[in-house]
Amino acid sequence: MEPAALPRSRPRLGPLVFLARRSLLGSRRTFVLLVLAVAAGAGFQIPNTANLAGFSAALIEEELRRGAGDVRVQPRKEPHFEDGDAAAARIADAAGPCVRATVPVLVLPGAAGTGGRFQGALIYGLDFPGDPELRPFHLTSGALLARGDTTGVLIGTSLATRVGAKVGDAVDLRVIFGGVSAESGRENVGRYAMTVRGLVAGSAGAYRSVFVDRSFLAEKAGAPRAASAVLVHLDDHFAASAVAVRLDERLSDAHAVGWKEDDPYLPNYLDANRTVNGVSYAMVIAAISIPVWALLYIHVLGRRREIGILAALGFAQREIFVIFSMQALAVALFGLVFGSALGAALIAYFQARPIFSWEALVVRPALSLGVLVVPCLAVLATTLLAGTWPAWRAARTDPARVLRRIE
């Protein structure tokens, strides 16, 4: 008569947690090294993600909000819209409710200088004071132009340095309104003595441009309400291409182009940022998975006798797998706590000392839940996956061979 099989108890979480903790803390040095590996990965990836997100946000802010807008609309045949305000209103109606603002601008080539020394520059005619968040420049010193100011200019910081102009100085302005007149044989160039009201910066070109009141510039051009383009600002930057197509279909006398199609520089920069972030994630995954896998595997090999005893006592393979998987989970959680603290400290450091600063383009880490949660989830998943093979190896341990010291 064969002996009856011993009854198996239902697996309970408490004993498994106790055994996982006891086994992991039995090798404190290994535990510390594991936590350091995970913490270093999280502490590197969190500020890296935040900086790259901040870089993309700063580029969009400078190139679109403080630049040429999301959609650029120009007359299809004529050199300018005869009535810039009417054109802006018509374009806003055609674009639909996604439009935040439409801004008419008059842009002409020209030059600015002092003492007979000139530097070429684009002359922008804008309506002042305008929306403070949509001006294509940052005022760095002095004051904005008053509406209808016919003697004042704002001048870019780089251009001001080259011509030696400061706030309050007189500056000579040349504006090219057209080619050589067939009747007079003279070039159609306007010459004006202006006063520098303020200096402006802006990485989208403001640093080397001149800004005047649009009504002043349009009147000198012979079309008092003219605008050479209407800049369309959207609530969603990435809807620009679709809005440009819609405007092109609805407006027979105007041509619209989105920022992605008009200037490949910015979308390529954003794509490069995403690629760099992906490479960074790949490096962190490799930097975490290899040491975690190796250390946990060595840990399992060092605990084979203990594992054999557990198996001999009736612990199922899945219970042993859970014990060693919980060790990987504990390493991940402790590592993320220290790694998040390190990442937060580095973000604070880069907030105070930006990684890039030129003109108004200052790159600071983006502060959002995503720049913390996504790297932490990636690190957690990597650590658990790296711990799967050692846990499986532990579950497959043959207690008879281990306890008989065959292995």
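What follows is a short walk through a predicted model, from its overall form to its cores and then to two single sites.

Before the details, a word on conventions: residues are numbered from 1 along each chain as its sequence is written, and side-chain values use heavy atoms, with hydrogens and water left out. As this is a predicted model, local features need pLDDT of at least 70 and side-chain atom pairs count only at pLDDT 80 or more, while totals for chains, interfaces and linings use all residues.

Let me start with the overall form. The C-alpha trace spans about 125 × 45 × 30 Å along its principal axes, and the radius of gyration of the protein is 33 Å, where a compact globule of 407 residues would be near 22 Å; that radius is taken over C-alpha atoms, and the globule rule is 2.2 Å times the number of residues to the power 0.38. The secondary structure comes to 13 helices and twelve strands, these being DSSP runs numbered from the N terminus, with helices as H or I of at least four residues and strands as E of at least two. Of the 407 residues, 43% are buried, meaning under 20% relative accessible area, with exposed over 50% and partly exposed in between, using a 1.4 Å probe and protein chains only.

Turning to the interior, the largest nonpolar core has 29 residues, and V71, V73, F81, I91, V232, L234 and L247 are those with the most contacts inside it. Such a core is a set of buried Ala, Val, Leu, Ile, Met, Phe, Trp, Tyr and Cys residues joined through side-chain atoms within 4.5 Å. Among the elements that each supply at least two residues of this largest core are α2 (28-68), β1 (71-75), β9 (229-234) and α8 (265-302). A second, separate core of 26 residues includes L106, L108, V171 and L173.

Within the largest core, L234 is worth a look: setting aside residues up to four places away in sequence, L234 touches R65, D70, V71, C98, V99, R100, A239, A240 and V243, contact here meaning heavy atoms within 4.5 Å.

Now the two single sites. The peptide bond from F128 to P129 is cis, with omega near 5 degrees, and P129 sits in the loop between β3 (117-126) and β4 (138-142).

The other site is R303, in the loop between α8 and α9 (304-312). Is R303 buried or exposed? R303 counts as buried because its relative accessible area is 18%, and, apart from neighbours within four places in sequence, R303 is in contact with S23, G26 and S27.
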